[in-house]
Amino acid sequence: MVLDALARLTEERVDHRFKGLPPDAEGLTVGELAAQRRNLFTGGFTTPVLALSAERLEHNLKLMEAYAARHGLAFAPHGKTSMAPQLFQRQIEHGAWGITLAVPHQVRVARAYGIRRVFLANELVDAAALRWVAAQLDADPDFRFICYVDSVRGVELMDAALTAGGASRPVDVVVELAAGEGARTGVRTEAECAAVADAVAGARGLRLVGVAGYEGEVPRADPERVRAWLRRLVSLAVDFDRAGRFAGLDEIVVSAGGSAWFDAVADVFAELPELSVPVLKLLRSGAYVSHDDGHYRELTPFNRVPEEGALEPAFRLWTQVVSRPSDGQAFTNAGKRDAAYDLDLPFAQVVRRDGSERPATGISVTGLSDQHAWLRTTGDADLEVGDWVGLGLSHPCTSFDKWVLIPVAEADGTVVDYIRTFF
């Protein structure tokens, strides 16, 4: 089923819906275009065009597979980063337990492409979505679905929807511990966590399987504060187990882990004592798959533990100089519709002219319009109208979502695949 669904993506016809692809490829299937192995720079692609590095993508997949295995962690990378079933499958092939998601639409995409284990990092109180999840569970005994609960009211709404829908399998839930007062979602105190767990115990349609949270929301996060919160999470799991709240389970789920503090998660989860049944220590970091040239380059835990390896930024947005009105200014044809800008502006990295590539010396991005990047140039800049400028991006989640079909290019520019996204 999985391979058949993914194969159907290659049967989609190339047309005007897909930015940057060669106009003369219209009418070809994606698979036919991929088989041509066109060159990103000479094969008719139009600017702007976003590309993923084939080599760096594979490096990142292997690195996090090895990291999770080395630290005894199961891995459910957050799929909201890419919303790309082809990448979900590659993550599974590289050892992922399943895929983390955030909202019902994303779960539907994952299920359409055969993902069998989904961790929903949100409380799900939408009755229509709960009925759909219940139907999926009833129809497929191999489907594993886990989601947050963070309120007694939420538990009541979930149970009412599932009971009314006649669900035969309970929905597995984990109590979400908030990362601190004023943080995002989650239960604020351990006493309130116990009350939510009591509500789950009284619900016919739910089953408590563990605890979870997101350390990235710890206020004024630093290593000490993050580890202190993670120890609260571990202690909550221990206390729930001692109280018999996990009776009858084959495993207990303890989950955390964004892309900025997974080293702390690995360290503290290693401290977790033996519980009544084995523990699934579930890491959920997602931005690693493409990494970036800004936000996560600065925040990645591999900066703190360089002996563990290093992620490599896999995105590059190719844009073209369309105006050079003065010695100190230039404009390219990619803007807010094409590039992530919520955390940092893009970074000018390289310039291509007549088949040669050089560093973007003296060139910086100072702003974005809808369809233009504003460049400041110094006397060191060698830049002309028509040059291609390769931009690095910050924040993978808001890079993937602007592109429906993304070429995957090898180092010499040969395009070997196309990644389809569903946002």
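These are my notebook entries on a predicted model, going from its sheet to its helices, cysteines, pocket and a few single residues.

**Entry 1: the sheet**

I began with the strands and asked in what order they lie in the sheet. I read the order as E2-E9-E8-E7-E6-E5-E4-E3, with 8 strands in an open sheet and parallel pairing. Next I looked at the edges, where I found strand E2 (74-75) and strand E3 (99-101). Each has a single partner strand, so one side of each is left without a neighbour in the sheet.

I then followed E2 to its partner. E2 runs parallel to strand E9 (residues 279-283), and 2 bridges join them. For Phe 75, I noted Leu 283 as the bridge partner in E9.

Helix H9 (residues 223-242) came up as I looked at what lies against the sheet. H9 packs there and touches strand E6 (171-176), strand E7 (206-212) and strand E8 (252-256). I also wrote down its direction, which makes about 170° with that of E8.

**Entry 2: strands E6, E7 and E8**

I wanted to know how many bridges join E6 to E7. The count is 6, and the two strands run parallel. In this pair I found Val 171 opposite Leu 206 of E7. On to the next pair: E7 and E8 are joined in the parallel sense by 3 bridges. There, Gly 210 has Val 253 in E8 as its bridge partner.

How many residues of E7 are buried? I got 6 of the 7, so E7 is largely enclosed by the rest of the structure. E8 is mostly covered too, with 5 of its 5 residues buried.

I checked E8 side by side. In a regular strand, side chains alternate between the two faces of the sheet. On one side of E8 I listed Ile 252, Val 254 and Ala 256, and on the other Val 253 and Ser 255. These are all buried, which leaves both faces of E8 covered.

**Entry 3: helix H10 and the loop after it**

Next I turned to H10, which spans residues 262-269. I found 7 of its 8 residues buried, so H10 is largely enclosed by the rest of the structure. My list of the buried ones reads Phe 262, Asp 263, Ala 264, Val 265, Ala 266, Val 268 and Phe 269. What covers them? I noted helix H3 (54-70), H9, E8 and E9 as part of the cover.

I picked out Asp 263 from this helix. Is Asp 263 buried or exposed? Its relative accessibility is 6%, so Asp 263 counts as buried. Leaving out residues up to four places away in sequence, I found that Asp 263 touches Tyr 67, Arg 227, Pro 301 and Arg 304.

Leu 272 sits in the loop between H10 and E9. I have Leu 272 down as buried, at 10% relative accessibility. With residues up to four places away in sequence left out again, Leu 272 touches Val 234, Val 254, Val 279 and Lys 281. I also looked up its distance to Lys 402, which is 130 residues away along the chain. Their C-alpha atoms are separated by 40 Å.

**Entry 4: the cysteines**

I looked for disulfides and counted 0. Why is Cys 147 without a bond? The closest cysteine sulfur, in Cys 193, is 15 Å from that of Cys 147, which is too far for a bond. I wrote the matching note for Cys 193: it is in no disulfide, and the sulfur of Cys 147 is the nearest cysteine sulfur. As for burial, Cys 147 is at 0% relative accessibility and counts as buried. Cys 193 is likewise buried, at 0%.

**Entry 5: the largest pocket**

I noted a volume of about 490 Å³ for the largest pocket. Of the 27 residues lining it, I wrote down those closest to its centre: His 78, Lys 80, Arg 184, Tyr 214 and Gly 258. Which elements give two or more residues to the lining? I found strand E4 (117-123) and helix H11 (295-299).

**Entry 6: Arg 17**

My last stop was Arg 17, in the loop between helix H1 (2-9) and helix H2 (30-35). I have Arg 17 as partly exposed, with a relative accessible area of 41%. Arg 17 and Val 404 are 387 residues apart along the chain, and I found their C-alpha atoms separated by 8.0 Å.

Definitions and conventions: Residues are numbered from 1 along each chain as its sequence is written. This is a predicted model: local features need pLDDT of at least 70, side-chain atom pairs count only at pLDDT 80 or more; totals for chains, interfaces and linings use all residues. Side-chain values use heavy atoms; hydrogens and water are left out. Two strands pair if DSSP finds at least two bridges between them. Helices (H or I, at least four residues) and strands (E, at least two) are DSSP runs, numbered from the N terminus. Contact means heavy atoms within 4.5 Å. Axes are lines fitted to C-alpha atoms, for helices over the stretch in contact, and angles run from 0 to 180 degrees between N-to-C directions. A disulfide is a pair of cysteine sulfur atoms within 2.5 Å. Buried means under 20% relative accessible area, exposed over 50%, partly exposed in between (1.4 Å probe, protein chains only). On a 1 Å grid over the protein atoms alone, a cavity is a set of points where a 1.4 Å probe fits but cannot get out, and a pocket is an open set with protein on both sides within 12 Å along at least five of seven lines; lining residues have an atom within 4 Å of a point. Grid points are joined across faces, edges and corners, and a volume is the space filled by probe spheres set on the points.
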